[in-house]
Amino acid sequence: MPAPKRVRAVFMGTPDFAVPSLEAAHELCEIVAVYTQPDRPVGRGLELQAPPVKRKALELGLEVLQPEKLSQPGEFERLSALAPELILVVAYGQILRQNVLDLPRLGCVNVHSSILPRWRGAAPIQWAILAGDRETGVSTQKMVLKLDAGDVLDVEKTEVRSDETASSLHDRLALLGAKVLRRTIEGVREGSLYPVSQDESRVTVATKLSRDMERLDPSKTVAELDRQVRALTPWPGTSVFLGEGGERLKVKRVVLRPEVRSRPGMLFESAGRLFIGAADGCLEVLELQPEGKRVQSAAEFLSGRKGRSGAGSGALEWAISAGHPG
């Protein structure tokens with residue numbers, strides 16, 4: 001039996017999340033070009049760094065194109081000249097206009113890291129954790145102009161674990177996305193997919209993350225605070241601000257301790273361990289980062305504070321301020 005015809009495709013993607021999907025597409029399609037964001041300066045030295053998708057594409061021997069905007073003069077003509085039958089989009093970072101959506105005869109397919117129509121938008125992985133969702137997944141959809149609103153082609157679901165972080169869930173969904181994309185490419189090629197329109201009454205939106213989300217509010221429950229730390233680390237991170245001066249402590253890793261009771265709004269030591277008092281119990285802080293310093297364990301932090309304050313063996317505690325002073 002002859003091998004199925006390889007679909008002529010363009011792949012568009014940028015970050016690590018898209019790399020497994022690129023590898024899957026490369027196995028099943030004739031990838032005529034890979035579009036990704038331009039190299040960007042990073043770090044203190046501001047050295048140009050290629051996106052992960054570019055690095056993988058070059059490793060696979062694929063042509064890489066990096067227009068600043070697909071809408072720039074001449075870019076649509078260049079894309080059109082490639083004559084793609086299918087365009088695959090995974091976290092590309094640019095909006096596709098209608099002329100691009102209409103170009104390939106098999107359409108434009110997007111891999112999105114949620115069970116659509118839940119968590120359309122920029123940060124579905126983090127919002128699934130923040131909201132306490134028990135499951136999430138990956139959807140493939142036929143792209144339309146409205147963000148993440150196209151007919152769903154395929155879905156794969158997975159449990160959101162109780163200790164899930166944004167990083168761990170990201171990595172699992174990246175692999176799951178490649179799995180779903182394989183099925184979708186095969187279905188598109190064979191004409192065996194049955195697209196399902198999204199129920200607009202069930203839409204939730206995963207808005208962009210922002211720095212003003214970092215403050216841990218001790219009037220919330222310990223479960224809410226735990227989800228906030230797991231969802232927002234590494235960016236924008238989570239912090240408490242101490243006393244009148246508003247000193248920031250970045251909270252990196254915590255564990256739920258609902259059985260430990262304290263007044264909400266206190267960061268305190270007990271038996272050599274560090275806790276945040278919340279509405280219905282405590283969070284134990286395992287790792288944190290004082291502003292301008294390295295990440296350290298709670299034990300290192302407490303030892304340094306006792307030495308600095310001359311508190312000796314006495315327990316330490318601080319009031320958590322209502323917010324950052326500036």
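Reader: Which element gives the most to the lining of the second largest pocket, and with how many residues?

Author: In this predicted model, β13 gives the most to that lining, with five residues. The elements that each supply at least two residues of the lining are α7 (222–232) and β13 (247–257).

Reader: What is the volume of the second largest pocket, and which residues are the closest to its centre?

Author: The second largest pocket has a volume of about 260 Å³. It is lined by 14 residues, and the closest to the centre are Asp 163, Thr 165, Asp 226, Arg 230 and Val 254.

Reader: Why are Asp 163, Asp 226 and Arg 230 called charged?

Author: Asp and Arg belong to the charged class, so Asp 163, Asp 226 and Arg 230 fall within it. The whole lining of the second largest pocket divides into five nonpolar, four polar and five charged residues.

Reader: What is the volume of the largest pocket, and which residues are the closest to its centre?

Author: The volume of the largest pocket is about 1,200 Å³. Of its 38 lining residues, Ala 91, Gly 121, Ala 122, Ala 123 and Pro 124 are the closest to the centre. Two or more lining residues come from each of β7 (108–112), α5 (124–130) and α6 (166–190).

Reader: Why is Gly 121 called polar, whereas Pro 124 is called nonpolar?

Author: Gly is counted among the polar residues and Pro among the nonpolar ones, so Gly 121 and Pro 124 are classed accordingly. The lining of the largest pocket comprises 22 nonpolar, 13 polar and three charged residues.

Reader: How much of the chain counts as buried?

Author: Of its 326 residues, 50% count as buried, which means that their relative accessible area is under 20%.

Notes:
Residues are numbered from 1 along each chain as its sequence is written. This is a predicted model: local features need pLDDT of at least 70, side-chain atom pairs count only at pLDDT 80 or more; totals for chains, interfaces and linings use all residues. Side-chain values use heavy atoms; hydrogens and water are left out. On a 1 Å grid over the protein atoms alone, a cavity is a set of points where a 1.4 Å probe fits but cannot get out, and a pocket is an open set with protein on both sides within 12 Å along at least five of seven lines; lining residues have an atom within 4 Å of a point. Grid points are joined across faces, edges and corners, and a volume is the space filled by probe spheres set on the points. Helices (H or I, at least four residues) and strands (E, at least two) are DSSP runs, numbered from the N terminus. Buried means under 20% relative accessible area, exposed over 50%, partly exposed in between (1.4 Å probe, protein chains only).
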